[in-house]
Amino acid sequence: MNLTSIDDLTPSLFQEIISLSDRFIEVSSRPIPKVPVLRGKTLATVFYENSTRTRLSFEAAAKRLSCDTLTFNLTTSSTSKGESLQDTIQTLDAMGIDFLVIRHPLAGVARLASGWTNASVINAGDGCDEHPTQALIDCITLIQISNQLSDYDPDCQGSDWPYLKNLHIGIVGDIVHSRVARSNVRAFTRLGAKVTLVGPPTLLPSDASSWPVDITYDLDEVISQFDVVYALRFQKERIVQSLIPSLDEYIRYWGISSDRLDAMKPHCKIMHPGPINRGVELSSQAADCEKSVILRQVNNSVPVRMAVLAALSGVYVHDD
Ligand code: CP
């Protein structure tokens with residue numbers, strides 16, 4: 001079974017990952033946070049773009065499940081001799097891997113790779129398309145903190161589906177280049193949240209009007225309505241200069257400054273997938289204030305990825 005998109009998750013598999021995450025949060029708190037769930041299995045991380053959080057947390061998750069790990073290093077690999085992506089994946093497949101965790105600058109590569117290997121393929125970010133495990137981490141984090149969000153209806157927790165009902169989440173910034181935004185819109189709305197996208201018109205996807213979201217360009221008009229402000233990284237490496245007049249103007253209209261902290265609801269939380277451009281999408285004051293749950297997102301990344309690996313491996317049974 002693969003995880004290339006949030007849409008790959010059936011309702012029961014989504015539920016299973018949520019409940020397994022709780023189990024692996026408990027495992028991660030033990031003095032020796034290791035269980036033999038995936039003993040004898042091998043996971044390869046194949047990243048054609050840089051990463052700190054995703055790669056290291058997948059490798060930590062695998063090790064905590066007693067799964068062996070292989071790390072493909074782009075700069076020292078035979079890619080530099082011209083080896084194709086297909087040959088690289090087929091070579092790893094021939095070595096007998098069980099999980100392929102892949103990040104690539106081109107959208108659709110994870111799905112393509114799944115045709116070249118029998119391993120479970122997990123999309124660790126494909127261009128501007130999706131980053132489904134980041135979205136799962138964010139959902140678990142929101143479920144954990146939902147009792148701190150005053151508009152949240154506790155009766156929803158434990159029900160089959162609308163864990164995030166009554167939450168209004170503002171996803172702010174460079175949405176067009178954000179695979180995190182695409183996966184999170186799918187995941188948050190499946191869990192019942194209301195989502196509003198906020199950013200400059202040139203950094204909103206041209207098809208966003210068909211997404212199940214509200215859209216606005218004016219952050220100051222809506223910021224006081226949000227229970228969660230999800231700030232996105234300003235993706236300098238993908239933004240051509242003509243998309244915004246200047247970085248200063250971007251910060252002025254869409255950066256989370258101290259004035260905007262004051263405009264938020266008292267209980268509003270701030271999230272960000274990392275890495276942060278401090279002083280651009282988030283001021284340091286916003287990143288480090290008590291509203292911020294950014295390090296909690298990171299803290300959840302290992303147990304949630306443990307849950308993903310266990311669920312995809314079929315170690316735990318699901319119904320559909
Ligand atoms: N959130 C995220 O994907 O971070 P990395 O690029 O560090 O993996």
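Here a colleague and a modeller talk through a predicted model of a protein.

Colleague: Happy to look at this with you! How many helices and strands does the protein have?
Modeller: Since the model is predicted, everything I quote is computed from it. The secondary structure of the protein comes to 11 helices and 9 strands.

Colleague: And what does the radius of gyration say about how compact the protein is?
Modeller: For 320 residues the globule rule gives 20 Å, and the protein is close to that, so it is as compact as a globular protein of that length. Along the principal axes, the C-alpha trace spans about 55 × 50 × 35 Å. The radius of gyration itself is 19 Å.

Colleague: What share of the residues is buried?
Modeller: Let me start from the outside: the accessible surface comes to about 13,500 Å², and carbon and sulfur atoms hold 49% of that. Counting residues instead, the buried ones among the 320 make up 55%.

Colleague: Nice. How far apart are the mean positions of the positive and negative charges?
Modeller: The protein carries 29 positive and 37 negative charges. Taking the mean position of each set, the separation is 6 Å.

Colleague: What part of the contacts with a separation of 6 or more comes from residues 24 or more positions apart?
Modeller: Here is one example of such a pairing: Gln134 is in contact with Arg305, among others. Over the whole protein, residues 24 or more positions apart account for a share of 73%.

Colleague: Let's turn to the strands. Is β1 largely enclosed or not, and how many of its residues are buried?
Modeller: Strand β1 covers residues 42–47. Thr42, Ala44 and Val46 point one way, while Leu43, Thr45 and Phe47 point the other way, and all are buried. That fits a general pattern, in which side chains of a regular strand alternate between the two faces of the sheet. Strand β1 is therefore largely enclosed by the rest of the structure, the buried count being 6 of 6.

Colleague: Which residue in β2 is the bridge partner of Thr42?
Modeller: Strands β1 and β2 run parallel and are joined by 5 bridges. At Thr42, the partner in β2 is Asp68.

Colleague: Which residue in β4 does Phe99 stand opposite?
Modeller: Strand β3 (residues 99–104) runs parallel to β4, with 5 bridges between them. Strand β4 (residues 120–126) is mostly covered, with 7 of its 7 residues buried. Opposite Phe99 in β4 stands Ser120.

Colleague: I was curious about Ser66. Is it buried or exposed?
Modeller: Ser66 sits in the loop between α2 (53–64) and β2 (68–72), and has a positive phi of about 65° although it is not a glycine. Beyond its neighbours within four places in sequence, its contacts include Lys34, Val35, Pro36 and Leu38. Its relative accessibility is 19%, and the cut-off for burial is under 20%, so Ser66 counts as buried.

Colleague: Asn166 also caught my eye. What is its exposure class?
Modeller: Asn166 lies in the loop between α5 and β5 (168–172). Although not a glycine, Asn166 has a positive phi of about 80°. With a relative accessibility of 36%, Asn166 counts as partly exposed.

Colleague: Now to helix α5. What is the relative accessible area of Gln134?
Modeller: Gln134 is found in helix α5 (residues 132–145). Leaving aside neighbours within four places in sequence, Gln134 touches Val180, Tyr230, Pro273, Gln297 and Arg305. The C-alpha atoms of Gln134 and Ala124, 10 residues apart along the chain, are separated by 8.3 Å. Gln134 is buried, and its relative accessible area is 7%.

Colleague: Is Lys81 buried or exposed?
Modeller: The place of Lys81 is in the loop between β2 and α3 (85–95). Its C-alpha atom is 25 Å from that of Arg111, which is 30 residues away along the chain. With a relative accessible area of 71%, above the cut-off of over 50%, Lys81 is exposed.

Colleague: One last thing: is the peptide bond from Gly274 to Pro275 cis or trans?
Modeller: Pro275 lies in the loop between β9 (269–271) and α10 (284–288). The bond leading to Pro275 from Gly274 has omega near -5°, and is cis.

Notes
Residues numbered from 1 in each chain as written. Predicted model: local features only at pLDDT ≥ 70, side-chain atom pairs only at ≥ 80, totals over all residues. Heavy atoms only, no water. Helix = DSSP H or I, 4+ residues; strand = E, 2+ residues; numbered from the N terminus. Rg over C-alpha atoms; globule rule 2.2 N^0.38 Å. Buried < 20%, exposed > 50% of the residue type's maximum accessible area, 1.4 Å probe, protein only. Contact = heavy atoms within 4.5 Å. Areas by Shrake-Rupley, 256 points an atom, 1.4 Å probe, with all protein chains shown as cover. Lys, Arg positive; Asp, Glu negative; His and termini not counted. Charge placed at Lys NZ, Arg CZ, Asp CG, Glu CD. Pairing = 2+ DSSP bridges.
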